[in-house]
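Here is a short report on a protein model. Look over the sequence and the structure first, then read on.

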Amino acid sequence: MKQSTHTLEIATRGPGLYEFTSTITQWVSRQNIQTGLLTVFCRHTSASLLIQENADPTVRHDIQAYFDRLAPEHGPYAHNSEGPDDMPAHLKTVLTQVHLSIPVINGSPTLGTWQGIYLFEHRTRPHRREIALHLIGE
Amino acid sequence: MKQSTHTLEIATRGPGLYEFTSTITQWVSRQNIQTGLLTVFCRHTSASLLIQENADPTVRHDIQAYFDRLAPEHGPYAHNSEGPDDMPAHLKTVLTQVHLSIPVINGSPTLGTWQGIYLFEHRTRPHRREIALHLIGE
Amino acid sequence: MKQSTHTLEIATRGPGLYEFTSTITQWVSRQNIQTGLLTVFCRHTSASLLIQENADPTVRHDIQAYFDRLAPEHGPYAHNSEGPDDMPAHLKTVLTQVHLSIPVINGSPTLGTWQGIYLFEHRTRPHRREIALHLIGE
């Protein structure tokens, strides 16, 4: 049994879903672990993670537009020190995921056919987001 | 230290919460692992997982009705190629869980008294859903 | 490779976010594991977990107020046997997290600078909440 860890940086240029499935699967394939557990952890409070459909791009568009309606700018927020996108970014993070854990089977995360791994950026200005990876197995 | 993996199939007949706690706990009990970590992973983008009250069935009814209001059919969605339940199914999946990780203590997932594990089916038509299980421990 | 488990109890006095980051990091530091995976699991269906900003307390205030609007008391719920805060508590739990998994690097959970770990209590009356911890690594 062994472990591997790594930190990815993803540069974002405004709100939206940034797929990084292939970065993840390529990193896993290099660790020489056939069976194990992969954990993906986002080290931020205004960007998050999700697994969603990787086929039709309108799904990503609709997800982003939906969360803009669900946690709108200019709501009755006390916290707005960093601008109108600040508090909605925290709320969208709480409503989605900070971490993903995916079993690894035959050397690859056991994602379904239509599942892609996305960073969900909620802030307007460009950011560099750190994603910690952990893999345990053999 | 050792690992076990397994894939469950759950047949669904329309939207709702399908409990499979006993299937999980029975599988765990057969792996001969006293202390460890169980991960349950749903390989789909229009069905999800959650842990909720297993006593009063009205809780499940209210959860399902609530998500129907929160992510309604016939919203302003660009993606509707598979019918009116298509995009709401993706949104409900994003708002709940794709994976659950539960510590195993004394050979059993350490669920609270009232916690059951559910597949939350969001599509109207029958589906066969694949759930990947991973257990590590000793 | 080794494992540690522990159960925390957190006493709550009404709805809100209770930070317990330092309890977690201190427990991890005592397990003598440099690299691993920490899992935090909430054994309840009316309280949940989240990772959010630990700096400005108005963020916590806004999160709590937002969820009160998103899952209000006196909604069209069938389940209200324990009072008006009962069903909203279940819904807020479903919309947030029951478990958190965080990679451990250099003997500490690899939280970002602004990330704190919170118990999100949704019930009005005081409760004692059990949080199970699991750590695997070496």
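## A pair inside the sheet

Start in chain C. Val40(C) stands opposite Leu133(C), a residue of E8(C). The model is predicted.

This pair belongs to a longer match. Strand E3 of chain C covers residues 36-42, and strand E8 of chain C covers residues 127-137. Seven bridges join the two strands, and they run antiparallel.

## The open sheet of chain C

Five strands of chain C make up an open sheet. Their order is E1-E8-E3-E5-E6, with antiparallel pairing.

Which strands stand at the edges? They are strand E1 (2-12) and strand E6 (108-109) of chain C. Each has a single partner strand, so one side of each has no neighbour in the sheet.

## How chains A and B are related

Chain A superposes on chain B after a rotation of 120 degrees. The shift along the axis is 0.0 Å, and the RMSD is 0.0 Å. The two copies are therefore related as by a three-fold rotation axis.

Which C-alpha of chain A is nearest the axis? That of Leu95(A), 3.5 Å from it. The copies use different surfaces. Of the contact residues of chain A, 14% recur in chain B.

## Where A meets B

The contact brings 28 residues of chain A together with 24 residues of chain B. On the side of chain A that touches chain B, four elements give two or more residues: strand E4 (47-53), helix H2 (57-70), strand E5 (99-105) and strand E8 (127-137) of chain A.

Which element gives the most to this side of chain A? H2(A) does, with six residues. By residue type, the side of chain A that touches chain B divides into 15 nonpolar, 10 polar and three charged.

## Where B meets C

Now take chains B and C. Chain B supplies 28 residues to the contact, and chain C supplies 24 residues. On the side of chain B that touches chain C, at least two residues come from each of strand E4 (47-53), helix H2 (57-70), strand E5 (99-105) and strand E8 (127-137) of chain B.

H2(B) gives the most to that side, with six residues. How do the residues of the side of chain B that touches chain C divide? There are 15 nonpolar, 10 polar and three charged.

Note on methods
Residues numbered from 1 in each chain as written. Chains lettered and ligands numbered in written order. Predicted model: local features only at pLDDT ≥ 70, side-chain atom pairs only at ≥ 80, totals over all residues. Contact = placed C-beta atoms within 7 Å. Nonpolar A, V, L, I, M, F, W, Y, C, P; charged D, E, K, R; others polar. Least-squares fit on C-alpha atoms with pLDDT ≥ 70 in both. Pairing = 2+ DSSP bridges.
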